[in-house]
Amino acid sequence: MKAIDMDFVLASSLLATFVSLAQGREIIFPPISGFSQQPIYEQGGIDVSTGSAFAGLTTYANLPYVHCLAGKEEEIEKYDIAILGAPFDTGVTARPGARFGPGGIRRGSRRISPESAYDIESGENVFLQWAEIVDCGDAPLTFLDNTIALKQLDKAHEIVSGRTAKSSRSGTPRIVTLGGDHTTTLPALRSVYKKWGKVSVIHFDSHIDTWDPSVLGGGVSHYAGVNHGTFLHIAHEEGLIRNTSIHAGIRAPVVRPKGDRKNDIRCGFEIVKARDIDRLGVAGVIARLTDRVGESPVYISVDIDVLDPAFAPATGTAEVGGWTTRELLSILDGLAGLKVVGADIVEVAPVYDSAGEITVLAAAEVAHSLLGLLVRTPVKAP
Ligand SMILES: [Mn+2]
């Protein structure tokens, strides 16, 4: 199938549909889009189920869909790594729209087919190694009450990571979350803490996101203080993260000239600023990040606004002067070998994207690199 021209295959599939309809025959489509995972259904000798990554329903990278949130343990397919969408954007301080991020990232990933995703740099295909990788769809989150929504996301992580993994190499399923605004990282950190204990966070972002709720949120209420710029402060107060964490790509202004950074250090963070890449190079940035977290379990959170708006305009709080997509992907791939226990790509708000969909394409590749890190290093929960 791989050798056949894709346009021809798609045209053949459409032709088969019309021929079969004309002949009054029932056409059987597979339940979920998948390049190689689905059985082949044939009508009149023409295959109508495979051959196009653009057929059927959209999952991340055409991975099989598993309804991980429902059903008894024995009723659902086992997996090692799960994609989980978190459609939530009522914790933002600027432009909303990231609730559509999970759908947008999946749309950006449609050209990725598990069967033919061999990386030109490494020669590896992360989808065809030991790990069963599935898309669990989105967690149902209310848009009317942030407190309830974050509890719903806590529960979704608990269920999805609470299944028995398929491979004995992992034991506990790990999750790559598709945000959602950055507040959605907080439930993910609570979840990995329960399985692996305190983690070091590698936080790719243009903003520090450790703001004290009394500073960002204005102190008007506790509710207002839980937002996409304070979640790392809250994670520190809840004792979820180690003091060996690090930001990467920071360039946005702070609110208090000295106080914000002082609190940031107290929360356990060092900083690699956006412009440090000009001095350190990609290899130097990788060295700073890997040296900082060492052998500890690591959570990697990627706010798409770490990229320059030239490469990712579709985000809530765009900041100019950021990294290129190529630099970010090279840095992420350079983290191979770290004990990554969970990851996310957040703050993708597709409504602001270009017609060329540059942000969702970038976000889909970021998720691909994050999956690569999880596959590269199986981590057993203690
Ligand atoms: Mn952020």
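Which residues coordinate the manganese ion? His182 does so through ND1, and Asp205, Asp209 and Asp303 each through OD, at 2.0 to 2.3 Å. Donors here are N, O and S atoms within 2.8 Å of the metal (3.2 Å for Na, K and Ca), and since water is not among the atoms, sites may look incomplete.

Before going on, a word on what you're looking at. This is a predicted model, so local features need pLDDT of at least 70 and side-chain atom pairs count only at pLDDT 80 or more, while totals for chains, interfaces and linings use all residues. Residues are numbered from 1 along each chain as its sequence is written, and side-chain values use heavy atoms, with hydrogens and water left out.

Back to the metal. Along the chain, the donor residues follow the spacing H-x22-D-x3-D-x93-D. His182 sits in the loop between E5 and helix H4 (185–196), and Asp303 belongs to strand E9 (residues 297–303), so this pair ties together parts that lie 121 residues apart in sequence. Helices (H or I, at least four residues) and strands (E, at least two) are DSSP runs, numbered from the N terminus. Both His182 and Asp303 are buried, and buried means under 20% relative accessible area, with exposed over 50% and partly exposed in between (1.4 Å probe, protein chains only).

Asp209 deserves a closer look. You'll find Asp209 in the loop between E6 and H5, and at 4% relative accessibility it counts as buried. Its side chain makes a polar contact of 3.1 Å with the side chain of His182. A polar contact is a pair of N or O atoms within 3.5 Å; within protein, one must be able to donate a hydrogen and the other to accept it, and residues adjacent in sequence count only if both atoms are side-chain atoms. Leaving out residues up to four places away in sequence, Asp209 touches a list of residues including His182, His203, His228, His233 and Asp303. Contact means heavy atoms within 4.5 Å.

What does the UniProt record add? The unreviewed entry places a "binding site" feature at His182, Asp205, His207, Asp209, Asp303 and Asp305. These residues span 124 residues in sequence, yet no two of their C-alpha atoms are more than 12.2 Å apart, so they gather at one spot. UniProt positions are given in the numbering used here, feature names are shortened, and annotations may be inferred rather than shown by experiment. His207, one of the annotated residues, is in the loop between strand E6 (200–204) and helix H5 (222–225). With 9% relative accessibility, His207 counts as buried. Setting aside neighbours within four places in sequence, His207 is in contact with Ile250, Ala252, Asp305, Thr317 and Glu319.

Now for the disulfide. The structure holds one, formed by Cys68 and Cys136, with their sulfur atoms 2.0 Å apart; the cut-off for a disulfide is a pair of cysteine sulfur atoms within 2.5 Å. The pair links distant parts of the chain: Cys68 is in the loop between strand E2 (46–47) and E3, Cys136 is in strand E4, and the two are 68 residues apart. The torsion about the S-S bond is about -75°, so the disulfide is left-handed. Cys68 counts as buried at 0% relative accessibility, and Cys136 does too at 2%.

Cys68 also leads to Arg163: the backbone oxygen of Cys68 lies 2.6 Å from a polar atom of the Arg163 side chain. That side chain reaches the backbone oxygen of Ala70 as well, at 3.4 Å. Arg163 lies in the loop between helix H3 (146–162) and E5, and is buried, with a relative accessible area of 10%.

Finally, the interior. A nonpolar core is a set of buried Ala, Val, Leu, Ile, Met, Phe, Trp, Tyr and Cys residues joined through side-chain atoms within 4.5 Å. The largest one has 55 residues, and Tyr60, Phe204 and Ile300 touch the most other members. H10 gives the largest share of this core, 11 residues. A second, separate core of 37 residues includes Val134, Val160, Leu189 and Leu232.

Helix H2 (residues 101–108) has six of its eight residues buried, so it is largely enclosed by the rest of the structure. Its buried residues pack against strands E3 (81–86), E4 (133–138), E5 (174–179) and E10 (339–346), and against helix H10 (358–376). Two of them, Ile105 and Arg106, are among the residues that Tyr60 touches.
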